[in-house]
Amino acid sequence: MSYRNQRTLSLAGVDTSILSVEDLRKLIREILGTGIHGLCFSPYVEGQGPGTELGAAQIRERLAVIQPFVRWVRSFSAREGNELIPALATEQGLQTMVGLWIDDDLEKNELELANAIDIARAGNAGLLAVGNEVLLRGDLSEDQLIEYIQRVKAAVPGVEVGYVDAYFKFVDHPRVTEACDVILANCYPFWEGCPSEHALLYMKEMYRRATGAAGGKKVIISETGWPNIGTPEKGSVPSYENAMKFFIDTYQWAEEDGIEVFYFSAFDEAWKVDAEGDVGAYWGLWDKDGNPKYV
């Protein structure tokens with residue numbers, strides 16, 4: 001299914017708070033039809049999650065669902081079959097922000113680094129993201145994280161290398177910020193309890209704080225999104241309309257200000273309920289079966 005060239009409403013200056021559900025759907029069709037910068041991509045299907053060994057056929061099938069609407073995908077690991085994603089994305093004309101999942105399992109970290117370096121040397125890494133919220137979780141020390149970043153930079157000098165964390169961690173850890181070629185900031189008004197009507201303004205402030213810490217380096221929003229089902233997070237309420245409005249507001253701003261955004265996420269992921277509660281399963285633009293949720 002493709003929505004390209006099916007433009008219905010102008011995106012510029014739209015106030016989503018006054019639009020009907022049908023008009024919100026039309027705008028999402030327009031945005032997807034034009035193509036968004038990036039999506040956070042995990043190819044898991046029902047009953048799968050980290051620990052599942054992924055195969056090429058399944059990855060190709062999931063990539064094919066989103067390929068018409070996106071230019072980049074972001075992967076989260078370079079093992080358990082996830083290392084196949086960048087080459088398969090290249091086959092479909094997509095670029096990849098290649099994620100390395102590093103934590104306190106130092107042996108596994110070495111496999112992540114080795115595989116990611118191989119991916120980059122094969123020409124399939126548009127960008128390397130060494131770690132995801134490692135400091136936020138407290139898995140490694142600042143010195144350990146910086147060492148991993150520096151090792152990857154030394155191994156693939158022709159590829160930009162960054163680190164993904166909550167926007168404020170780049171303020172809190174200037175040495176990590178300095179070690180990165182590019183700043184990859186997660187900006188989630190939802191998880192900070194912001195009511196949906198103020199979410200875009202709050203995300204702009206998150207981005208401003210990250211750019212202030214970046215010292216002139218490029219800042220990419222590596223994750224943002226809004227769930228459509230689940231338990232509220234203080235003032236943040238999951239709903240079909242709130243999710244649509246946040247998506248539209250995000251891309252209206254991204255287009256106006258030239259900001260690169262990796263939206264979270266491509267598909268609903270039931271396995272995330274264990275860590276995030278019921279709301280964790282409903283962040284996708286497509287449902288767990290690959291059906292579009294908002295158009």
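Visitor: Of the 295 residues of the protein, what percentage count as buried?

Guide: The share is 55% of the 295 residues, where buried means under 20% relative accessible area, exposed over 50%, and partly exposed in between, with a 1.4 Å probe and protein chains only. This is a predicted model, in which local features need pLDDT of at least 70 and side-chain atom pairs count only at pLDDT 80 or more, while totals for chains, interfaces and linings use all residues. Residues are numbered from 1 along each chain as its sequence is written, and side-chain values use heavy atoms, with hydrogens and water left out.

Visitor: How should I read the two sides of a helix, and which residues of α2 are buried?

Guide: An α-helix has 3.6 residues a turn, so residues three or four places apart point the same way. In α2, which spans residues 56-66, the buried residues are I59, R62, L63 and I66; helices (H or I, at least four residues) and strands (E, at least two) are DSSP runs, numbered from the N terminus. Seen down the axis of α2, its buried residues fall within an arc of 100°, so they line one face of the helix, the arc being that of the directions from the helix axis to the C-beta atoms. A57 and E61, on the other side of α2, are exposed.

Visitor: What do the buried residues of α2 pack against?

Guide: They pack against β1 (36-40), β2 (70-74) and α3 (85-91), with contact meaning heavy atoms within 4.5 Å. In addition, the charged end of R62 sits over the ring of F267, 3.9 Å from its centre; the criterion is that NZ of Lys or CZ of Arg is within 6 Å of the ring centre and within 35 degrees of the ring normal.

Visitor: How many aromatic pairs does a search of the whole structure find?

Guide: A pair of aromatic rings is described by the distance of the centres and the angle of the planes. The search finds 22 aromatic pairs, counting rings of Phe, Tyr and Trp (its six-membered ring) with centres within 6.5 Å, and calling planes under 30 degrees apart stacked, over 60 edge-to-face and the rest tilted. The rings of Y44 and W271 have their centres 6.2 Å apart and their planes at 80°, so this pair is edge-to-face.

Visitor: Where in the chain do Y44 and W271 lie?

Guide: Y44 is in the loop between β1 and α2, and W271 in the loop between β8 (261-263) and α11 (273-276), 227 residues apart. Y44 is buried, with a relative accessible area of 7%, whereas W271 is partly exposed at 32%.
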